[in-house]
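Colleague: I have a model open on my screen and would like to learn how its descriptions are justified. Could you take me through the reasoning, one term at a time?

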Amino acid sequence: MAEFNMDDMFDKIKTSAAKVSREAERLTKSAASKVESKTQEAKLKYAIRELEDKMRACYAAIGEAVYESFRNSEEPGDFSEMFGRLDALREEADEIKEQLAAVSGCVVCPECGAGVSAEDAFCSKCGANIKKDE
Ligand SMILES: [Zn+2]
């Protein structure tokens, strides 16, 4: 009859305990990365909202200037600087939208810029074919 070995017993317990803690660590890590991407998503959404607010402020400033010149029967001034600023804001917003789409597992519709599930073939907003490249 094999002699009961206390050391073997402890080794077995240690090994299975290590397995359990590795598994727990793995689960914790995947949960953490999910939380991280949610946080990242919220940050990006906030950044987009901020950019859209700035764009709205630009539109309002342009509209106000156009109206003022109309009221004073003047030629509207040069808005190229404003338009340049709007272009830059729009580009920045588009870039962030792409990042957001990557983080949330979506693709950005090439037609309307809406976030669409990567599994969809067509945009849910405008109906554009999203997978036409494939
Ligand atoms: Zn679309």
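What follows is a talk about the words used for this structure and the values behind them.

Modeller: Gladly! Please keep in mind that this is a predicted model. The protein has 2 helices and 2 strands, and their pattern along the sequence is α-α-β-β.

Colleague: What makes the protein more spread out than a compact globule?

Modeller: We set its radius of gyration against a rule. For 134 residues the globule rule gives 14 Å, but the radius of gyration here is 28 Å, which is well over that, so the protein is more spread out than a compact globule. You can also look at the C-alpha trace, which spans about 110 × 30 × 20 Å along its principal axes.

Colleague: How many of the residues are buried?

Modeller: Buried residues make up 6% of the 134 residues. To be called buried, a residue needs 20 or more other C-beta atoms within 10 Å of its own.

Colleague: Why is helix α1 described as hardly covered?

Modeller: Among the 66 residues of α1, the count of buried residues is 1. That helix runs over residues 6-71.

Colleague: How do you know that the reach of α1 fits its number of residues?

Modeller: From its first C-alpha to its last, α1 reaches 96 Å, and at 1.5 Å a residue we expect 98 Å. The two values are close. Pairs of residues in the model give a feel for distance too: R22 and K54 are 32 residues apart in sequence and 48 Å apart in space, C-alpha to C-alpha. For K29 and A47, 18 residues apart along the chain, the C-alpha atoms are separated by 27 Å.

Colleague: Why is R22 called exposed?

Modeller: R22, which lies in helix α1, has 10 C-beta neighbours inside 10 Å. A residue is exposed if that count is 12 or fewer, so R22 earns the word. K29 lies in α1 as well, and K29 counts as exposed because it has 10 C-beta neighbours inside 10 Å.

Colleague: What makes S73 worth a look in the loop between α1 and α2?

Modeller: Its phi is near 50°, a positive value in a residue other than glycine. Most residues other than glycine have a negative phi. S73 comes just after α1, and it is exposed because it has 6 other C-beta atoms within 10 Å, against a limit of 12 or fewer.

Colleague: Where else does a positive phi turn up just after a helix?

Modeller: Just after α2, G105 takes a positive phi of about 70°.

Colleague: How do you know that the span of α2 agrees with its 24 residues?

Modeller: At 1.5 Å a residue, α2 should span 34 Å, and its end C-alpha atoms are 35 Å apart, so the values agree.

Colleague: Which residues of α2 are buried, and what covers them?

Modeller: The buried residues of α2 are K97, L100 and A101. Their cover includes α1, β1 (106-108) and β2 (115-117).

Colleague: How is the protein divided into domains?

Modeller: Domain 1 takes in residues 9-103, and domain 2 takes in residues 104-134. Their C-alpha centres lie 19 Å apart. The contact takes 7 residues from domain 1 and 6 residues from domain 2. Helix α2 (residues 80-103) gives the most to the side of domain 1 that touches domain 2, with 6 residues.

Colleague: What classes of residue make up that side of domain 1?

Modeller: By class, it has 3 nonpolar, no polar and 4 charged residues.

Colleague: How much of the contact in the protein joins residues 24 or more positions apart?

Modeller: Among contacts with a separation of 6 or more, such residues account for 32%.

Technical notes
Residues numbered from 1 in each chain as written. Predicted model: local features only at pLDDT ≥ 70, side-chain atom pairs only at ≥ 80, totals over all residues. Domains from an automatic or database assignment. Contact = placed C-beta atoms within 7 Å. Helix = DSSP H or I, 4+ residues; strand = E, 2+ residues; numbered from the N terminus. Nonpolar A, V, L, I, M, F, W, Y, C, P; charged D, E, K, R; others polar. Rg over C-alpha atoms; globule rule 2.2 N^0.38 Å. Expected span 1.5 Å × (residues − 1).
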